[in-house]
Amino acid sequence: MQTDEAKFIKRKIQGGSIDVHPSEKALVVNYHLEATILGETGDAMLGEKKECQKVIRLKNLSSSTDISALAKEVVDRCQLIHPSKLAEVEQLIYYLQNRKGSSPSNKGIPVTPDRSRDASRETRPESVIPRPYSGSSSGEGSTPTESSGSGEQIKTVASMSRLEEYMELMYEGPSDKIRGSALILQLARVPENLMELSTNETVLGALARVLREEWRRSVELSTNIIYIFFCFSSFTQFHRIVIHYKVGSLCIEVIEHELHRYEQWEHELEQRRPTRNSDSNLSALSQGTTSPRHQGNQSSSLPKRVISPDVSDSTEDGVPPAKPVVRSRLEYERSLRKFHSLVRKQDQLLRVSFYLLLNLAESLKLEEKMRRRNIVGMLIRCLDRDNPDLLVLVLTFLKKLSIFRENKDDMAEHNVVEKLPRLVSWPRFDVSHLSLKLLMNLSFDGGLRAKMIRVGMLPRLVAVLAASDVRQHNTAMSILYHLSMDDRVKSMFTYTNCIPIVMKMLLEPPEKQTDSLAAALLINLALNRRNAQLMCSTNVHSVASDVGKGGGEGTENGELDAEESEAVGLKDLMKRAFRLQDALVMKIVRNISQHDGQTKVLFVEFIGDLANAVQEADCEDFVVECLAVLGNLSLPDLDYEKLLRQYNLISWFRSKLIPGVAEDDVVLEIVNFLGTVAADDACAMLLCKADAILSLIELLKAKQEDDEIVLQVVYVFFQLSKHVSTREYLLQETDAPAYLLDLMHDKNVQITKVCDATLDIIAEHREDWKKRIQVEKFRHHNTQWLDMVSSQADGASDPWGEDYAGDMEDGSYMDEGCGGTGLASGFLDRNLLSESLFQSGSHISLEAVDDIDYGSGNPSSSAPGGRPRSRYSQDIEDYAEALALNGSVDFASRLNQLFVDPPGGNGGDVVDNKGRDSVDVYADGIMDGRESVAKTQITFQ
């Protein structure tokens, strides 16, 4: 390039970090200066970039100086400092103002205060990230500074312009490598430097190589290098760098090695523990010295154990050499103190390694790879440690992993639940809170819930509820709600303070919105009888004084004295429910009302309020719960007829039973209540006179698809059939028997049972209906066989083959094989079937019920859209095979005899077969050219 071609010079200044001067009261401003020579066309011809510093001396800085005003003046006068860094300048000036004067023998650059410039650390506690190590005690431009429990702090202020020098230290001895990695780490902790560092493959490659080759030799070196890559992992765009150098895989190897080494230390120190005959001073030492499992938690009430290896003469990597067991007090004391120092260093390495893996776990693919490397097992092994910062990180990682089933199963395999009770009671809030969050995720698994109960988690969770810190109440209550879903666990709540505490949370707040978690927990617990009794007798105003005295206890028979309890808790629940029309609170009351005995008697004084609320309440969910409570109150001494008349409930019920007027939930509870009151003879007759039964039949036609409504309607019929007057009304004035006969073979087992019970009562008191019911049962259970025979007699099918076609047409085959009566001309004729079924001239025929819609859409129904005709599926080929055999006994004569002499009569053909009436029909014939004999049994149920 010719010098005369250069026409312009362009300068560009970019601000950098701000530090304090090592010895003077001054600020050091780092900035980048970039000079570019431009040609005639404006193109860059030559450029150079240089890092510079500017020192701002604060000569008048004293203890009385106004820091805010001075910082504002510095920012205004120095163009290299952006106004957004005003707070940082204030912090640095405050540090200079309070920094002690340096002596001539100890003069150097102090550690720059943490200014939280790393964006990734805004949401993560600084205590989780360890400080970098420095392996040199002195160096050019620096002198030793204070050492902390995490190792010596760095001595010099690193600069990007000297990055090559720091990299050269990575090729020197161990102490130089530690010092070089600490200086590079200082640069990496500044987010603005990460982009430039990410482009320097030489430095990153050297760091990865040193970590891969020497991570076993030095904990400090491993911590610094992993920390550098952790800074990159804090930003998603730099994850590719960490993955490229396989730092994540190295971290897993480091963690596994350190955990194994820690277990070895524990075992060897346990063997070196002094005997009981040792100096008594050792006892005082063990009481005043934090054990390796509890260092960092000296205020905890957890049991103290002294376990650690003898590391007094450990090798470079901390592995103790093989030595004879020394049981002297001084040796053990020295080993224990040395061990604490090594454990602190190891905790830092584990923290930064787990943190890096946690950042990489944002990718589900990488998380799955970690799972295959047993990351879950390593995390759970770390739960035995007592470093709070490490526990916070481990619990956070486990909580993230626990949302996937595979990880949850791994946690169960490694017995994670057994390690959590002590952490739930940890004095530090974040540890206990994260433990509860992890338990919350695990509590969705039934097996893990059972383990929680076995390890005594229930009283610990109740203790969290009783604590004054409300931040953990919702999480603890959610876990208790999951535990309360198991019936065997519900009874355990009785012996804790959980019910009084939760009821106080539910009832005391004056606001209208109810705590849904507290209500949900009480709804579950109210399903247990003893819990329901305890809720009725709980006085929430005395809960505070009763906490800690144990759970509620009943009498010897499990009953609470009504006079002593006075239903204080039940009254409070009812008052809040009626005042706010709260459906959740009323649902608690509904579950309480399910239990027989003294508990139901307590509801007598609230029946009027419930009946009034049913008609006047605006909230439909609240009405549903009130109706459900009334339906549960099956008390023999209660005058239901007076209740129905006084509140005019029947007319309101009929208006709601019209299809489409009310929601199905309301209709279901109305029918349920009608089933309860129908048990009373007077109320049953009142329902019949008010035509409520006709409304139920219309409802049955419209709601055939809803098995719950159908079941409750049939139950009302069952209650009515038990009274003489209402039974005659049911048979003569309604079509209910026809529906009962059809529903007798419904697929729902409960519906079938209630129908059978109702028909048995009818058959017991009415002889005409007894025969009809018995014939219908026979016809249903043998419907396929009857249809086959009838179709053959009518010539509809030809299962016999072509050789017998002529015989079927003229009846000669039947005459020969069946005694000459003719199968088509006997009982199996449809007309004869109808005559046999309805000889008494009833007003309704099963064959003629065409006006009833039986649409169910069930594919197993015999008619399109009809309810299932039978729950019993029989193979039609079996019947065809039996019919294809030649009969040795006259079919028609035996079947006619069956109806001439009903089952149980004088006829000798009816035998008892395990409680069923049966007729044995024999047939012999020829199939496929071979003679065979078959026996078909036609049964009555």
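Contact here means heavy atoms within 4.5 Å. With that in hand, helix H14 and helix H17 make a handy way into this predicted model. On the H14 side, Pro388, Leu391, Val392, Leu395, Thr396, Leu398 and Lys399 do the touching, and they meet Asp430, Val431, Leu434, Ser435, Lys437, Leu438 and Asn441 of H17. Sorted by character, the residues of this contact come out as 8 nonpolar, 3 polar and 3 charged. H14 covers residues 388-401 and H17 covers residues 429-442; their axes come within 9 Å and cross at roughly 20°. Angles under 35 degrees count as roughly parallel, so that label goes to H14 and H17. The crossing of H14 past H17 is left-handed.

Stepping back to the whole chain, there are 47 helices and 8 strands. Of the 941 residues, 50% are buried. Contacts that reach far along the sequence are well represented: taking pairs at least 6 apart in sequence, 69% join residues at least 24 apart. As for disulfides, the structure holds 0. Two of the cysteines can still be placed by their accessibility. Cys52 has 16% relative accessibility and Cys498 has 0%, and both count as buried because the cut-off for that label is under 20%.

Further along the chain comes another helix pair, H34 (residues 664-677) and H37 (residues 707-721), whose axes sit 8 Å apart at an angle of about 20°. That angle makes H34 roughly parallel to H37, and the crossing is left-handed. The H34 face consists of Asp664, Val667, Leu668, Val671, Asn672, Leu674 and Gly675, while H37 brings Glu708, Ile709, Gln712, Val713, Tyr715, Val716 and Gln719 to the contact. By character, the residues in this contact split into 8 nonpolar, 4 polar and 2 charged.

Helices H1 (residues 67-77) and H2 (residues 86-98) are arranged in another way: their axes come within 9 Å and cross at roughly 125°. H1 is therefore oblique to H2, and the handedness of the crossing is right-handed. From H1, the contact draws on Ile67, Ser68, Leu70, Ala71, Lys72, Val74 and Val75; from H2, on Leu86, Val89, Glu90, Ile93, Tyr94 and Gln97. Here the tally is 9 nonpolar, 2 polar and 2 charged.

Some single residues also deserve a look. His32 belongs to strand E2, which runs over residues 26-38. With a relative accessible area of 17%, His32 falls under the 20% limit and so is buried. Once the neighbours within four places in sequence are set aside, the contacts of His32 are Lys12, Ile13, Gln14, Lys49, Lys50 and Glu51.

Asp681 is found in helix H35 (residues 681-689). Its relative accessibility is 42%, which means Asp681 counts as partly exposed. Beyond the neighbours within four places in sequence, Asp681 is in contact with His723 and Ser725. The C-alpha atom of Asp681 is also separated by 8.9 Å from that of Lys722, a residue 41 residues away along the chain.

Finally, a word on backbone geometry. Most residues other than glycine have a negative phi. Asn374 is not a glycine, yet it has a positive phi of about 65°. Asn374 sits in the loop between helix H12 (364-372) and helix H13 (375-381), and a relative accessible area of 33% makes Asn374 partly exposed. Asn415 also has a positive phi, in this case near 60°. The loop that holds Asn415 lies between helix H15 (405-413) and helix H16 (421-424). At 37% relative accessibility, Asn415 is partly exposed.

Technical notes
Residues numbered from 1 in each chain as written. Predicted model: local features only at pLDDT ≥ 70, side-chain atom pairs only at ≥ 80, totals over all residues. Heavy atoms only, no water. Disulfide = S-S within 2.5 Å. Buried < 20%, exposed > 50% of the residue type's maximum accessible area, 1.4 Å probe, protein only. Axes fitted to C-alpha atoms, helices over the stretch in contact; angles between N-to-C directions. Helix = DSSP H or I, 4+ residues; strand = E, 2+ residues; numbered from the N terminus. Parallel < 35°, antiparallel > 145°, perpendicular 65-115°, else oblique. Left-handed = near helix turned anticlockwise from the far one by under 90°. Nonpolar A, V, L, I, M, F, W, Y, C, P; charged D, E, K, R; others polar.
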